[in-house]
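I opened the file to go through a few places one at a time. My notes follow in the order I made them.

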Amino acid sequence: MSTLGPVTDTTAPGSIRSGTPTRRTTALHGWGRTAPTIAQLVTPRGVEDVAEAVRTAGERGVIARGLGRSYGDPAQNAGGVVLDMPGMDRIHTIDQGTGVADVDAGVSLDQLMRAALPHGLWVPVLPGTRQVTIGGAIGADVHGKNHHTKGSFGNHVEWLQLVTADGSVRELTPDGPDAKLFWATVGGMGLTGVITRARVRLHRTESAYFVVDTDRTDDLDGLLELLTDGSDDTYGYSAAWFDTTATGARLGRSVLTRGSLATVDQLPANLRCDPLKFDAPQLLSFPDAFPNGLINKLSVRAFSELWFRKAPRRQRGSVQNITAFYQVLDVFGGWNRVYGSKGFLQYQFVVPRGEETALRRIVERISQSPFDSALNVFKRFGAGNDAPLSFPTEGWTITVDFPITSGLSRFCTELDELVLATGGRLYLAKESRTSPEAFAAGYPRFDEWKAIRDAADPAGVFASDMSRRLKLTL
């Protein structure tokens, strides 16, 4: 790679690994802790290890796995091989002149953030957690609170290295001769090949802090008004928590937080001496000791009331670090254990702009149901990108977390029907229970993606529990 400015190689001593890849039989599940299956977990140390694992995968195939933050089963492969990609975690270079980071696919967003910030560079798209690998961020085409201004992660990838089904290594760019395979890989959930390395455009920042405005709205109409009056376009980042226990006149009452990366001049005096300090500690890690049923109607109602009431009705110019404004749950390791051994289902959907009446009906259906969710997010999406299976499309997205209880799958099937009737869709990185027909109905370019994927992998080497469940592969 040619460089146009000072280059920093952030490889730590001893981080270039060599030797025989480790291999062990283990049970794997997603972040929702449901439907575990057993696979051969292989930890590659380089591209050659990945290629060898692909060539020798066997009849059940192979799939890559990052840090396990997909909620369902896309990084599981019952009876087959799963590649533990965090074994490849070298940051090759960060070019201060171009702002491009050249990294292995197993590098986490947290790792990249910590390496880039001293150079005044910021990861362009961050989901709700930094504990996601670069390969996972591309494979799920993750989005964040700034989709309306920066799009999804794939928009910022300049180049990627892909090990394909025959074990060969291909280099793909978004507008090169293999552009179709590049965009099929973005959002393709690892089913076109194994991403082993990528170059990502970072963007510049003066600080690691946000200037945040907060508005508390009494209902869903108030929230939608703030998101459509033009003010939202003046913020780099925007998202709301909304109350699923509120009904009637209070339906959809929300706390909307919007902000932008702070300049040095906007920081209080005590932060200006080290504006790029990454202040994001993990305060504690939850033990695996919580009973099922702790998240219930009573606890969710109490939490929701407290969360709504503690928020200021209107606050301007609050300076916050990344965990206070953006990634609150990263403060707690293993927070998914709070749902108990049965786990939980995260349901995320998007409906197009103009379908606000239908959106209200969906929110009403959730609020009136017997299923309880406390961690609820409402965001505005901007335009989508060229990836056939990328989830974001211009409109409104909602995320809710339901503890696993009797009847939940049937209820989510009802929600599927309401979402699909609007022209909406579900997110593969969160999905864990829908039907192949419902999935395909939400992605009108699915056949296009499948043709590209099948041409790249005619023998079906790349496979996962999700790909078999949703009939994404041969």
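In which strand is the place of Gln-320? I looked this up first and found Gln-320 in strand β17, which covers residues 314-320. I kept in mind that the model is predicted.

**Entry on Gln-320**

I checked the accessibility of Gln-320 and got a relative value of 16%. Buried means under 20%, so Gln-320 counts as buried. I then listed its contacts, leaving out residues up to four places away in sequence: Gln-320 touches Tyr-209, Phe-210, Val-212 and Phe-325. I also took a distance from Gln-320 to Tyr-443, which lies 123 residues away along the chain. Their C-alpha atoms are separated by 37 Å.

**Entry on the whole chain**

I counted the secondary structure and noted 14 helices and 22 strands. The radius of gyration is 22 Å, and the globule rule gives 23 Å for 474 residues, so the protein is as compact as a globular protein of that length. I read the span of the C-alpha trace along its principal axes as about 60 × 55 × 45 Å. Of the 474 residues, 58% are buried. For contacts with a separation of 6 or more, I found that 74% join residues 24 or more positions apart. The exposed area is about 18600 Å², and carbon and sulfur atoms supply 52% of that area.

**Entry on α10 and α11**

At what angle do the axes of α10 and α11 cross? I took helix α10 as residues 356-368 and helix α11 as residues 408-421; their axes come within 10 Å and cross at roughly 170 degrees. An angle over 145 degrees counts as roughly antiparallel, so α10 is roughly antiparallel to α11. From α10, I noted Ile-362, Arg-365 and Ile-366 in the contact. On the α11 side, they meet Phe-411, Glu-414, Leu-415, Leu-418 and Val-419. I sorted the residues of this contact into six nonpolar, no polar and two charged.

I stayed in helix α11 to look at Thr-413. Thr-413 is partly exposed, with a relative accessible area of 35%. I set Thr-413 against Thr-434, which is 21 residues apart from it along the chain, and got 6.9 Å between the C-alpha atoms.

**Entry on α2 and α13**

Which residues of α2 are buried? I listed Leu-109, Asp-110, Leu-112, Met-113, Ala-115 and Ala-116. That is six of the eight residues of helix α2 (residues 109-116), and the helix is mostly covered. I looked for what the buried residues of α2 pack against and found strands β6 (91-95), β7 (100-104) and β8 (121-122), along with helices α3 (134-139) and α9 (322-325).

I made the same kind of list for helix α13, residues 446-456. Its buried residues are Phe-446, Trp-449, Lys-450, Ile-452, Arg-453, Asp-454 and Ala-456. Their cover includes α5 (179-185) and α12 (436-442).

**Entry on the β2-β3 loop**

I moved to the loop between β2 (22-28) and β3 (37-43), where Thr-34 sits. Is Thr-34 buried or exposed? I noted a relative accessible area of 19%, and the cut-off for buried is under 20%, so Thr-34 is buried. Leaving out residues up to four places away in sequence, Thr-34 touches His-29, Gln-76, Lys-342, Gly-343, Phe-344 and Ile-404.

Ala-35 is in the loop between β2 and β3 as well. Ala-35 counts as exposed at 51% relative accessibility. I checked its backbone and found a positive phi of about 50 degrees, although Ala-35 is not a glycine. I wrote this down because most residues other than glycine have a negative phi.

**Entry on Lys-471**

I noted another positive phi in a residue other than glycine: phi of Lys-471 is near 55 degrees. Lys-471 lies in the segment after α14 (465-469). With a relative accessible area of 54%, Lys-471 is exposed.

**Entry on Ala-57**

Last, I looked up Ala-57, in the loop between α1 (47-55) and β4 (62-65). Ala-57 is buried, with a relative accessible area of 13%. Residues up to four places away in sequence aside, Ala-57 touches Val-62 and Val-81. I also took the C-alpha distance from Ala-57 to Asn-376: they are 319 residues apart in sequence and 39 Å apart in space.

Technical notes. Residues are numbered from 1 along each chain as its sequence is written. This is a predicted model: local features need pLDDT of at least 70, side-chain atom pairs count only at pLDDT 80 or more; totals for chains, interfaces and linings use all residues. Side-chain values use heavy atoms; hydrogens and water are left out. Axes are lines fitted to C-alpha atoms, for helices over the stretch in contact, and angles run from 0 to 180 degrees between N-to-C directions. Helices (H or I, at least four residues) and strands (E, at least two) are DSSP runs, numbered from the N terminus. Angles under 35 degrees count as roughly parallel, over 145 as roughly antiparallel, 65 to 115 as roughly perpendicular and the rest as oblique. Contact means heavy atoms within 4.5 Å. Ala, Val, Leu, Ile, Met, Phe, Trp, Tyr, Cys and Pro count as nonpolar, Asp, Glu, Lys and Arg as charged, and the others, Gly among them, as polar. The radius of gyration is taken over C-alpha atoms; the globule rule is 2.2 Å times the number of residues to the power 0.38. Buried means under 20% relative accessible area, exposed over 50%, partly exposed in between (1.4 Å probe, protein chains only). Accessible areas come from the Shrake-Rupley method with a 1.4 Å probe; for residues, only the protein chains shown count as cover.
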